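Reader: I should like a close look at one part of this structure, taken residue by residue. Please set it out as one connected account, with the reasoning made explicit wherever a conclusion depends on a cut-off.

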Amino acid sequence: MKKISIIKEIDEMLTTYCDGCFVKNQLRKDDGKTAAHRFCISNCTVGAQLQFLGNELNKIGTGTKQ
């Protein structure tokens, strides 16, 4: 995958699924920002996909744009 396409996919996922997420907002209100972040990282399927895409970006590195 190319860097730009990965970044666009991440942005699209964040906009589509994470902005206005009821679960995240409720957890943030009830338990705080850290608990909401922990849920997104460890239990949310979208969070897992975002982690995968982030790892793909790390594999490409910080070299030239592709």
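Author: A residue is called buried when its relative accessible area is under 20%, exposed when that area is over 50%, and partly exposed in between. The model under discussion is a predicted one. With a relative accessibility of 22%, Cys21 therefore counts as partly exposed.

The part chosen here is the pairing of two helices. Two packed helices are described by the angle between their axes and the distance between the axes. Helix 2, residues 22-31, packs with helix 3, residues 33-42, at an angle of about 145 degrees, and their axes lie 7 Å apart. The crossing of helix 2 past helix 3 is right-handed. On the helix 2 side, the residues that meet helix 3 are Val23, Lys24, Leu27, Arg28 and Asp31, while helix 3 brings Lys33, Ala35, Ala36, Phe39 and Cys40 to the contact. Sorted by class, this contact comprises six nonpolar residues and four charged ones, with no polar residue.

Two of these residues deserve separate attention, one from each helix. Ala36, in helix 3, has a relative accessibility of 3%, so it counts as buried. Apart from neighbours within four places in sequence, Ala36 is in contact with Lys24, Leu27 and Arg28; Lys24, Leu27 and Arg28 are among the helix 2 residues that meet helix 3. Ala36 may also be placed relative to Leu53: the two are 17 residues apart in sequence, and their C-alpha atoms are 20 Å apart in space.

Val23 belongs to helix 2. Its relative accessible area is 37%, which means that Val23 is partly exposed. Val23 and Cys40 are likewise separated by 17 residues in sequence, but here the C-alpha to C-alpha distance is 9.2 Å.

Cys40 leads to the question of the cysteines. A disulfide is a covalent bond between the sulfur atoms of two cysteines. The structure contains zero disulfides. Cys18 takes part in none, the nearest cysteine sulfur being that of Cys44 at 6.2 Å. Because its relative accessible area is 17%, Cys18 is buried. For Cys21, the closest cysteine sulfur is in Cys40, and the separation of 6.2 Å is too far for a bond. The cut-off applied is 2.5 Å between the two sulfur atoms, so a pair beyond that distance is not taken as a disulfide.

Two comparisons outside the helix 2 and helix 3 contact complete the account. The place of Thr15 is in helix 1, residues 3-18. At a relative accessible area of 47%, Thr15 is partly exposed. Thr15 and Phe52 are 37 residues apart along the chain, and 17 Å separates their C-alpha atoms.

The other comparison concerns charge. Side chains of opposite charge can pair when their charged atoms come close. The count of salt bridges comes to one. It joins Glu56 to Lys59, whose closest N and O atoms are 3.2 Å apart. Glu56 and Lys59 are three residues apart in helix 4, residues 45-60, and are therefore separated by about one helical turn. The two partners fall on opposite sides of the exposure scale: Glu56, at 17% relative accessibility, counts as buried, whereas Lys59, at 64%, counts as exposed.

Note on methods:
Residues are numbered from 1 along each chain as its sequence is written. This is a predicted model: local features need pLDDT of at least 70, side-chain atom pairs count only at pLDDT 80 or more; totals for chains, interfaces and linings use all residues. Side-chain values use heavy atoms; hydrogens and water are left out. Axes are lines fitted to C-alpha atoms, for helices over the stretch in contact, and angles run from 0 to 180 degrees between N-to-C directions. Helices (H or I, at least four residues) and strands (E, at least two) are DSSP runs, numbered from the N terminus. A crossing is left-handed if the near helix is turned anticlockwise from the far one by less than a right angle, and right-handed if clockwise. Contact means heavy atoms within 4.5 Å. Ala, Val, Leu, Ile, Met, Phe, Trp, Tyr, Cys and Pro count as nonpolar, Asp, Glu, Lys and Arg as charged, and the others, Gly among them, as polar. Buried means under 20% relative accessible area, exposed over 50%, partly exposed in between (1.4 Å probe, protein chains only). A salt bridge is a side-chain nitrogen of Lys or Arg within 4 Å of a carboxyl oxygen of Asp or Glu.
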